Structure formats: structure tokens, C-alpha cells
Amino acid sequence: MKIAVIGGGPAGLYFAALAQQLDPTREITVWERNAPQDTFGFGVVFSDETLGGIENADTGFYATMEAEFARWSDIDIHLDGERHTVGGQGFAAMNRHRLLALLQQRCHELGIDVRYRTPAPDVDDLRAQYDLVVACDGINSAVRARYADDFAPDLDVRHSKYMWLATDRVFEAFQFFVRQTPWGTMQVHGYPYGDDGSTFIVEMHEDVWAKAGFDTGEVFGPGESDDQAIARVSSLFAQELDGAALLANNSKWLNFTTVRCGHWSTGNVVLLGDAAHTAHFSIGSGTKLAMEDALALVACLHEQPSVDAALQAYETERRPVVESTQRAAQASLEWFENLGVYAAQAADDPVEFCFNLITRSRRITFDNLRTRDPAFAARVQERFATGCAGDPSVPAMFQPLRLGGLELRNRVVVSAMDMYSAVDGVPGDFHLAHLGSKALGGAGLVMTEMVCVSPQARITPGCAGLYTQEQEDAWRRVVDLAHTSPGARIGVQLGHSGRKGSTKVMWEGIDDPLTEGGWDVTGPSALPYGPGSLVPRELTRADLAAIVEDFTACARRAAAAGFDVLELHCAHGYLLSSFLSPLSNRRQDAYGGSAANRLRFPLEVFDAVRAVWPADRPLLVRLSATDWVPGGNTVDDAVAIAAAFVEHGADGIDVSSGQVAKEEKPAFGRSYQTPFADRIRHEVAGPAGVAVIAVGAISSYDDVNSILLAGRADLCALGRTHLYDPQWTLHAAAEQDYRGPGAPWPLPFAAGRRRPPSARTDAVRPRLQLLRATRPEEDRTHLRWRPALTG
């Protein structure tokens, strides 16, 4: 096999060395346009998983690497000079120049043809002459650009400026330096890479960068460093450098670019490392990912019968791993982009801030941290309990919360979920069992599905309403059952379907218009929700006034039925949400156009409901924090929208996202909507004393505790999790050995608070095993003792 490798960095050289060792008959040529000693950056960080793969693949090479590792287990977080240490993390790093030199030596030993200072031939010529072309040409990959139609790259240029530097000061641990300056928050990511220096990456939002005057510097050419900026950084972080010098290596201000590709190969050309994908440096090293790619690609070439099969297997194996890493990296980079949001948290509660930083990517959780550093985890839990005037031994999720004038027994919410099981808008026995079981299952607050304010406000014929006396009476029955669980609260979510109405129930065709028995749909503008959706009639002023009356009438009925909480549904593309979004609101009157105008009608509805809803019962608003569509609302818009509702008297903001337009592309993942709640809590709700609810793929009690302890939300709403296990909250209490008022078991259930045994527990397994073996050279048997495998 003839293999062409474009790029002689760590990824290309490591791939070549492994491929050559597995099959010495391969003819491998590497082209590298730079000199052997040229490399950019300083330190390279590796995870234990990556190092394990390298050790298994090439024990000798691993040994040479290991001899040069800098290892540490602590993270030091410095907040304007005050240090907080979190232990038990575990890192290994080495000098990038040394890594490159070791790989070059390895390729030389294997006789691989590496051509330095030589640009690669035209890629079309290479793919015709070689069986495989491996493109390791970095973040600005010319090969990726050449076949952009095939690779389908997505280049996301981020909003912070960073400069990759080093210092001759050898740090003893990973360092996060957070500095509040007159221009805003700046931070440094630092870590040792050997006994001669440490990486020193300075980063700040581009707004801070501009205010600090860094944008007035000269434009430097290739190979030149921004000496003026480096001198300024050295002055700003003089305390952190402690007399040490900053070192440059083609160091200039950059914006990080997240690279994603729809495909990693075309024909016999495959992308490796940064050419295919990038992940922000705050969660690790791009070199780490690239070397993992090289391991996987070589293994697939070894295992598969053809190049095509190998490339398909490579992408199938690596893509889920890379995408998971990129999701974590995206959360991390966005957290650092918004670091200024946490300035008050860092000043007022540094322990909570440090926990927020450590768990920013959602890969480290509270339980995970408790294993790594029990002492710091205990400080986090104690601080949270002190803020609640609670018991430090009680898990965060079972600490009480005051929501407006209402006391909640715990911080678990059953999220509103449409059930499509009402008849003529009347909730029946199904709703009684569904919502009653969740209240009896321990949740502090149970929310109904979206309850519609008129027959025309329904999404489907199966949607529940609260516009008749019969519906009010039926809901009172549900409320009364929920209240039989000690301390349980139940809330109603009021909404209007808008342009998403008159559709089939979910399991018959979600969002598909009814073929018979339908009704006219309305909206802010005559724009359908998606292809095949009904075109709504644009609402008149008279229509808007009538809808306000519908909401107020239903709010009165909700109060009479005994609901503890009312939530106004301004999310998911339903009527009030569609007024807020520029994607669905194209009106030319006072209710369309500017953000303030688009807010006008939802605020009118809110004010009318606030006027009739009992003052001692909380009134919440559910928002879509982003439309997930270019040109739609973003989290910045959501912050302003939330602020308007808080100003009008909202007691809480329930932060969801999307479902505003069919063409949305959500970034799904574990707890993927929590960063939106985090922004709103720190910028708007927290300072106003208003609660924030996080929702979206939160599925474990560890996630709930982690979100609360980091200060990202005050409550966590779980939907599908409660469908899977209606007693989820009680089971979470049992698994955490918690018994108390935050999770009271109904007396008839009390005997079930201990997990049933699932297997025999009385079996006694021998620690020693008597083995009888026959020696072939002797016609006799002998006995010997050998420790048996146990447990």
C-alpha cells in the first residue's frame, strides 16, 4: 500500500510510524512545508485514556514520552490573587517541541520518507498515485477547502481573543488566573510542560480585548510575534508571573475556530486531527485528539479488508467520541467567553464560582468531584446549605426553596409534558394517575401539560383546557390528589397553540394538520410553522384583546381549582413565543418589528394574568432561550426578554429552547439547555431575587445536584425521566441515603424506601480453590493451592 501524508505534525508523524510498524511493506511518504524544528505552541496535555492507547500501540515510544512527562493532580484557581485548590484531577503534559522531536526520530528509525520544507504535491495527483491520502494539514486545511463540497465543513469562529504564550516559571499545578480589570474580565490557562517552563494562554472576550486597547496594535506577518501585546500582558499579569519572563512562538491574537465536518473522507482522502475537527484548548489538547485519530485510523486499516471499509469504520468509531468531546468543549469555551457574567459570583461566593468553573463542561459532576477531592466537595455542599439556612449533610436537591410566596419541599420539578389524552379539553383519570403519581413520587413541584385557554388555542383535539366549568372541576380533582402528598405543590401551565394548532396527536403524526375536524389557526403573521403546516390568519387588535380575556378567565379558574403555581407558556413556538421571535413575527404595527414591539403582546397577557392571579402564589414564565435558527432569537435576546418579565413581576423563569421553527438545528446533549438558564440567572434573575428553572436532558440526581451547587439554576425540571420512573425523586433520595422533609415518603409507600434485593446475598465464595492437575510426564496427580478469583 502506498500512503501519502500531508502534514508532518504530531498527527501525521504518529500515524506514519504506527502504520509502518503494523506493515513494513507499506510505502509511506510525509510532506511537511516547515523545517523539522518548527512548531507552534508549547505544551501538549494528554488524558489517561489517550496515554493508555499510546502505550498499548507502541510501548517503546510511550516509554520515551513518559520519561519527559510533567504530571500533576491539582487545579489552582486564582481570583484576583486569592488561590483556591481543587485536587484529584490528574494530568500529564510535555513540551510540544520534544514530542515532535521524538516522533521525528521514530519515523527516521522506521525508514519513513519525511520531506521537510516541501509543500505536498497537488492533492488530485496524490489521490491518483497513492492508495490513501491522509490530510493532517491543520485547522486551515487546504485539502478540506479543496473538497469542501464533500467534507461539508462548518467553521464556527468564536468571540474571545487568545494568545498562546509560555513562561519560564514552572507551575506546580494547572493554573486558572482570573483577573478583574478596568476593561473587564481576563483569564489565563497555565500548566507545566516540563522542568523548564509552562504554557501561558491569555484569553478574554473580544469586547474586553478592544476596550483594553489591544485592537490598536500592529499587524504582524508570518513567524512574527506581537511583542507590544506580549509586553502588555506581562505587565497585567506581573503578579502571576512572579518575575518570570513570557516566551513567544509566533504568538499573536487569535479567535478560536471550532471545526466540524459532515464527512471526514472522500474517496481515498481522509482528514485527521484539526483538519477534521477542533476542540477548545480549555478542555485539553488538539494534539491529543489528533493522536487518538491516528491510532483509530491505523487500527481500522489493519482490521478492514479495503481502504473504503477502513475509512468508513474509522469515522464510525471516532465520530461519536469526537462529537462528545466537542459538546464538552463547546460548553467550556462558551463558559469562558461569558466569564464576565460570573464576576459577582467570583467576588461573593468564590467556592461556588470554583465549582462552576470545574464543572463547566458537564464532564465533571459533584459525585465525580467528591471522589477526586472530598474536602473541596464538602466545602461546596456546606456553602450551598449555608445559603439555604439548611443542613450541610442534605443533598442540594433536597434543600428547600422559597418561590415567590410559596415554600417548596425540594428543588425537583416535573416538567410540563403534553399528554394529548383529554376529551373535549377535560382531563380525565389518565391525568389523575399521571400527575398524582408524580406528586406522590416526591417531586417538589409538578407542572401540568400546556393547558389551553380556548378551543381554538388547542394544539390537538387531545389537549386539555381550562375554559369551562367541567374542566375546572376535573382539574380540582387532580390538584386535590397531588396535595395528599406531604408538601407537594402543583402548577398549571397556560398557553395558546397559535400557528402550531389544529394538528394530529403526537403518535398519529406530530405537527401534521388534522384531515378532519380541524379549526382555523392564528398567529402574529401569516407564516406557517413549517412545510405542510397550516397558514395562520394574522391576528387583529380585536383578536388580541379577546385572547387576553381568555388568559385571564383561565387564570381565575386555575386559582379556583387550587393550583399553587401558574406558568405562562412563552416558549416552543406557540402563540406568545411566536410573537417574541423575528422568525414568526413580521407584523408592521406596534406588535412587530423591534424587540420591544415583539414583547408588547406577551407582556400585555402577563400583566393581565398577574392582575387576577393571587399575589401569594408564584407566577412563572417559560421561555425559549434560543431559536436554534440563524436570524432567530439567541440567548442574548432571551436575557433581555427575561429581564422584561422580571421587571413586570415574574417570580421565576423556566428556561427551555427551540421548537419555534421547523428548520432548527439544536445542539442536543446532556443538560444542553442549562447554560441558557445559567446566563439568565446570573445576569437577570439572581440579582432580582427571582428563581430560574433549568430543563433539558437532565436525567440523574448527580446532574441536578451539580447544576444547583454551581449556581446555574435554582430548580431543575425533568420530563422524560419522570415518565420512566414516576417515583424518581424518592428513589434519588434513597440512593443518596437521605431521609427527611425534602423527600417524604407517603405512609403507604414507606416500606418501599429501601431498594429490593436483586440477588442472593448469603452466598459464601471461597477465597482459595483446590486445583487438581495431571502432569503429563508422570502418571499421577498432585494438589496445589492457588488464590481463587473473588468478587
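In which helix is His 431 found? Let me begin there, keeping in mind that what we have in front of us is a predicted model. His 431 sits in helix H17, which covers residues 429-440, and with a relative accessibility of 0% it counts as buried. If we set aside the neighbours within four places in sequence, the residues in contact with His 431 are Ser 421, Ala 422, Gly 436, Glu 449, Trp 475 and Val 478.

From there I would like to turn to the nonpolar cores. The largest one has 134 residues, and the members that touch the most others in it are Phe 353, Leu 494, Phe 601, Phe 645 and Ile 653. Helix H20, residues 541-561, supplies the largest share of this core, namely nine residues. Apart from this core lies another, of 65 residues, and Trp 31, Val 143, Tyr 147 and Ala 276 are among its members. As general background, nonpolar side chains in soluble globular proteins tend to be buried together.

Leu 494 deserves a closer look, and here again I leave out the neighbours within four places in sequence: its contacts include Met 450, Val 451 and Val 453, then Leu 466, then Phe 551, Cys 554 and Ala 555, and finally the run from Leu 566 through Glu 567 and Leu 568 to His 569.

Next, the small sheet, which is an open one made of three strands in the order S3-S7-S4, with antiparallel pairing. Strand S3 (43-46) and strand S4 (70-72) each have a single partner strand and therefore stand at the edges, with one side of each left without a neighbour in the sheet. From one strand to the next, the twist averages 25°. Between S3 and strand S7, residues 91-95, there are four bridges, and one pairing to look for on the screen is Phe 46, whose bridge partner in S7 is Ala 92. Lying across S3, S4 and S7 is helix H2, residues 48-57, which runs at about 90° to S3.

There is also a hairpin, formed by S5 and S6 with two residues between them, and Asp 80 in its turn has a positive phi of about 50°. Strand S5 (residues 75-79) and strand S6 (residues 82-86) are antiparallel and pair over five bridges, with Asp 76 standing opposite Thr 85 in S6.

Is Thr 185, in strand S12, buried or exposed? Thr 185 is buried, because its relative accessible area is 8%, and the strand that holds it spans residues 184-194. Its side chain makes a polar contact, at 2.8 Å, with the side chain of Gln 180. Not counting residues up to four places away in sequence, Thr 185 touches Val 178, Arg 179, Gln 180, Met 204, Val 208, Leu 339 and Gly 340. Met 506, by contrast, is 321 residues away from Thr 185 in sequence and 47 Å away in space, C-alpha to C-alpha.

Lastly, how many disulfides does the model contain? The count comes to zero. For Cys 107 the closest cysteine sulfur is that of Cys 136, and because the two are 11 Å apart, they are too far from each other for a bond. Cys 261 is likewise in no disulfide, with the sulfur of Cys 136, the nearest, 13 Å away. Both of these residues are buried, Cys 107 at a relative accessible area of 1% and Cys 261 at 6%.

How values were computed:
Residues numbered from 1 in each chain as written. Predicted model: local features only at pLDDT ≥ 70, side-chain atom pairs only at ≥ 80, totals over all residues. Heavy atoms only, no water. Core = buried A, V, L, I, M, F, W, Y, C linked by side-chain atoms within 4.5 Å. Buried < 20%, exposed > 50% of the residue type's maximum accessible area, 1.4 Å probe, protein only. Contact = heavy atoms within 4.5 Å. Polar contact = N/O pair within 3.5 Å; in protein donor to acceptor, adjacent residues only side chain to side chain. Disulfide = S-S within 2.5 Å. Pairing = 2+ DSSP bridges. Axes fitted to C-alpha atoms, helices over the stretch in contact; angles between N-to-C directions.
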